[in-house]
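I opened a new notebook page for this one. These are my entries, in the order I looked things up.

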Amino acid sequence: MKEPARFDPYLLDSLMPDLVGHDRQPSAFIVYLYLAHRATVARTRAVTVSLQTIAADTGLSKSAIQRGLRTLVRRRLVRVEKT
């Protein structure tokens, strides 16, 4: 059985209302949660993952993930490196 995901209260108390309510970008919040969880499981700050993998794992479309990532990069919450 997998361990339940654990998140910093900041994610739910501050970041969620800001991204979903203020920026109207729920996809950005979902992508951020996904990446934060992957980083926690891997015990690292850097996560290597494709848009296709994020789409398959979250149920979001590739374009929604791209929009969400643009928002996260603009707000300096993540950094994207293309390979």
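**Entry 1: the elements.** Before counting, I settled what counts: a helix is a DSSP run of H or I with at least four residues, and a strand is a run of E with at least two, numbered from the N terminus. I also noted that this is a predicted model. On that basis I found four helices and zero strands in the protein chain. Read from the N terminus on, the elements go α-α-α-α. I then looked up the radius of gyration, which is 12 Å, close to the 12 Å that the globule rule gives for 83 residues, so the chain is as compact as a globular protein of that length.

**Entry 2: the whole chain.** I took the spans of the C-alpha trace along its principal axes and got about 35 × 30 × 25 Å. Next I looked at the accessible surface, which comes to about 6400 Å², with 52% of it belonging to carbon and sulfur atoms. Of the 83 residues, 30% count as buried. I also checked how far apart in sequence the contacting residues are: among contacts between residues at least 6 apart, 46% join residues at least 24 apart. For charges, I have 14 positive and 7 negative side chains in my notes, and the centres of the two sets lie 7 Å apart.

**Entry 3: the core.** Which residues touch the most other members of the largest nonpolar core? I found Val31, Leu35, Ile65, Leu69 and Leu72, out of 18 residues in that core. The elements giving two or more residues to this core are H1, helix H2 (26-42), helix H3 (51-58) and helix H4 (62-74). H2 supplies the largest share, seven residues. I jotted down a general point here: in soluble globular proteins, nonpolar side chains tend to be buried together.

I followed up on Leu72. Leaving out residues up to four places away in sequence, Leu72 touches Leu19, Ala28, Val31, Tyr32, Leu77 and Val78. Val31 is thus on the list of Leu72 contacts and also among the core residues that touch the most other members.

**Entry 4: Ser27.** Is Ser27 buried or exposed? I looked it up in helix H2, and Ser27 is buried, because its relative accessible area is 9% and buried means under 20%. Not counting residues up to four places away in sequence, Ser27 touches Leu60, Ala64 and Gly68.

**Entry 5: Met16.** I went back to helix H1 for Met16. At a relative accessible area of 33%, Met16 is partly exposed. Neighbours within four places in sequence aside, Met16 is in contact with Leu11, Gly21 and Phe29. I also checked Met16 against Tyr32: the two are 16 residues apart in sequence and 9.8 Å apart in space, C-alpha to C-alpha.

**Entry 6: two exposed residues.** Still in helix H1, which covers residues 9-22, I picked His22. His22 is exposed, because its relative accessible area is 59% and exposed means over 50%. I paired His22 with Thr53, 31 residues apart along the chain, and their C-alpha atoms are separated by 27 Å.

Where does Lys82 lie? I found Lys82 in the segment after H4. Lys82 is exposed too, with a relative accessible area of 81%. My last lookup was the pair Lys82 and Ala64, 18 residues apart along the chain, with 18 Å between their C-alpha atoms. Ala64 was already in my notes as a contact of Ser27.

How values were computed: Residues are numbered from 1 along each chain as its sequence is written. This is a predicted model: local features need pLDDT of at least 70, side-chain atom pairs count only at pLDDT 80 or more; totals for chains, interfaces and linings use all residues. Side-chain values use heavy atoms; hydrogens and water are left out. Buried means under 20% relative accessible area, exposed over 50%, partly exposed in between (1.4 Å probe, protein chains only). The radius of gyration is taken over C-alpha atoms; the globule rule is 2.2 Å times the number of residues to the power 0.38. Contact means heavy atoms within 4.5 Å. Accessible areas come from the Shrake-Rupley method with a 1.4 Å probe; for residues, only the protein chains shown count as cover. Lys and Arg count as positive and Asp and Glu as negative; His and the chain ends are not counted. The place of a charge is taken as NZ of Lys, CZ of Arg, CG of Asp or CD of Glu. A nonpolar core is a set of buried Ala, Val, Leu, Ile, Met, Phe, Trp, Tyr and Cys residues joined through side-chain atoms within 4.5 Å.
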